[in-house]
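Please examine the sequence and the three-dimensional structure shown below. The paragraphs that follow explain selected parts one by one.

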Amino acid sequence: MASSRKVIITCAITGASHTPTMSPHLPYTPEDMIRQSVDAHRAGAAVIHLHARNAHDGSPSADPEVFREYMQGIRAETDVIIGLTTGGATGQSIEERLQPVRQLQPELCTLNLGTINYGGFPMIPKYAGKWKFDWEQPYLESTREQPFESNFVDIEYMLKHLPEETGVRFEFEAYDVGHIYTLAFYLDSGLVKPPVFLQFVLGTLGGIGAEVENIVHLKRSADRLLGDDVQWSVLGSGRHQMNVVTVGAIMGSHVRVGLEDSLYLAKGKLARSNAEQVHKIGHILSELSLEMATPAQAREMLGLKGAAQVEA
Ligand code: KMH
Ligand code: ZN
């Protein structure tokens with residue numbers, strides 16, 4: 001009997017768009033970041049995607065030493081693939097955002113395929129008057145005005161320098177169809193080297209919506225423009241999370257879940273951990289006769305350098 005298709009589960013442990021007020025289960029101390037990452041891996045995630053937060057109030061951080069502490073803690077207990085953000089948080093400069101990758105030389109990091117409006121502000125009214133920390137509301141408010149930035153200079157800089165300096169490979173983030181054309185441009189010019197790991201991001205305010213037609217359109221566009229050597233994955237923001245990853249898995253994608261993308265496990269039910277979301281999609285995959293990829297299988301599919309070459 002032919003073996004089942006292996007699906008890479010990425011778990012994005014904590015991002016910048018959710019805040020400690022929004023869920024008591026959102027990790028932001030190093031201990032919680034490490035514990036939730038290890039548990040998410042044990043539940044089936046082959047890749048852990050990390051942002052950093054300041055331990056005292058959960059505000060976004062780009063400090064390489066904070067990332068180092070998370071990575072060392074996770075690597076002491078698992079062989080999971082660790083991917084670092086380069087998008088960071090609204091308001092951080094590109095120089096700041098690239099420092100953790102430069103210093104810690106992870107196997108994977110994100111490369112956002114365009115500057116977008118990335119609106120976190122609609123969440124403000126729900127939590128009015130309940131904020132735990134002073135930075136939370138102004139930060140979300142700032143997303144009205146400040147874009148999530150990744151211009152062509154940033155993209156070319158990352159493509160030209162990071163793989164050569166650090167051996168990192170990219171998780172390319174496409175928030176809309178135009179981003180696939182940007183990726184195709186750099187693939188055709190030789191700056192992007194296959195295999196391409198492409199993440200479709202659906203349901204953010206400012207990006208493409210989370211309709212099934214859009215997943216189909218993104219996938220068809222990628223097939224037409226990028227050739228065969230592509231490992232594609234999907235994520236759905238907020239309430240769309242599990243629906244998007246389930247449809248993607250049926251269509252042949254890898255999947256990304258995690259509290260960065262949604263705080264919920266089901267309608268009205270907060271996820272108590274990242275591992276709960278991984279466990280849920282793992283169950284759905286097994287019902288679909290799909291298998292969760294191990295880190296070793298994911299490394300092979302994504303052409304990664306291996307954990308021994310990581311600096312942290
Ligand atoms: N928050 C995700 C939808 C990054 O970290 O550079 C996109 C993301 C980008 O994870
Ligand atoms: Zn991220």
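Contact means heavy atoms within 4.5 Å. This is a predicted model, in which local features need pLDDT of at least 70 and side-chain atom pairs count only at pLDDT 80 or more, whereas totals for chains, interfaces and linings use all residues. Residues are numbered from 1 along each chain as its sequence is written, chains are lettered from A and ligands numbered from 1 in the order in which they are written, and side-chain values use heavy atoms, with hydrogens and water left out.

Consider Lys 132 to begin with. Apart from residues up to four places away in sequence, Lys 132 touches Pro 20 and Thr 21. Pro 20 is 112 residues away from Lys 132 along the chain, yet their C-alpha atoms are separated by 7.0 Å. A polar atom of the Lys 132 side chain lies 3.1 Å from the backbone oxygen of Pro 20. Lys 132 belongs to the loop between α4 (124-127) and α5 (136-142); helices here are DSSP runs of H or I with at least four residues, numbered from the N terminus.

The next topic is the metal site. Which residues supply the protein donors of the zinc ion (ligand 2)? They are His 49 (NE2), His 51 (NE2) and Glu 260 (OE), at 2.0 to 2.2 Å from the ion. Donors are N, O and S atoms within 2.8 Å of the metal (3.2 Å for Na, K and Ca); because water is not among the atoms, sites may look incomplete. Along the sequence, the spacing of the donor residues is H-x1-H-x208-E. Both His 49 and His 51 are buried, a term that means under 20% relative accessible area, with exposed over 50% and partly exposed in between (1.4 Å probe, protein chains only).

Leu 50 leads to the interior. A nonpolar core is a set of buried Ala, Val, Leu, Ile, Met, Phe, Trp, Tyr and Cys residues joined through side-chain atoms within 4.5 Å. The largest such core has 70 residues, and Leu 50, Phe 170 and Ile 281 are among those that touch the most other members. Helix α7 (residues 177-188) gives the most to this core, with 6 residues. Another core, of 14 residues, lies apart from it and includes Trp 135 and Tyr 139.

Ile 281 is also one of the buried residues of α10. The 14 residues of helix α10 (residues 274-287) should span 20 Å, because each adds 1.5 Å (the expected span is 1.5 Å times one less than the number of residues). The end C-alpha atoms are 20 Å apart, which agrees.

Terms used:
Helix = DSSP H or I, 4+ residues; strand = E, 2+ residues; numbered from the N terminus. Polar contact = N/O pair within 3.5 Å; in protein donor to acceptor, adjacent residues only side chain to side chain.
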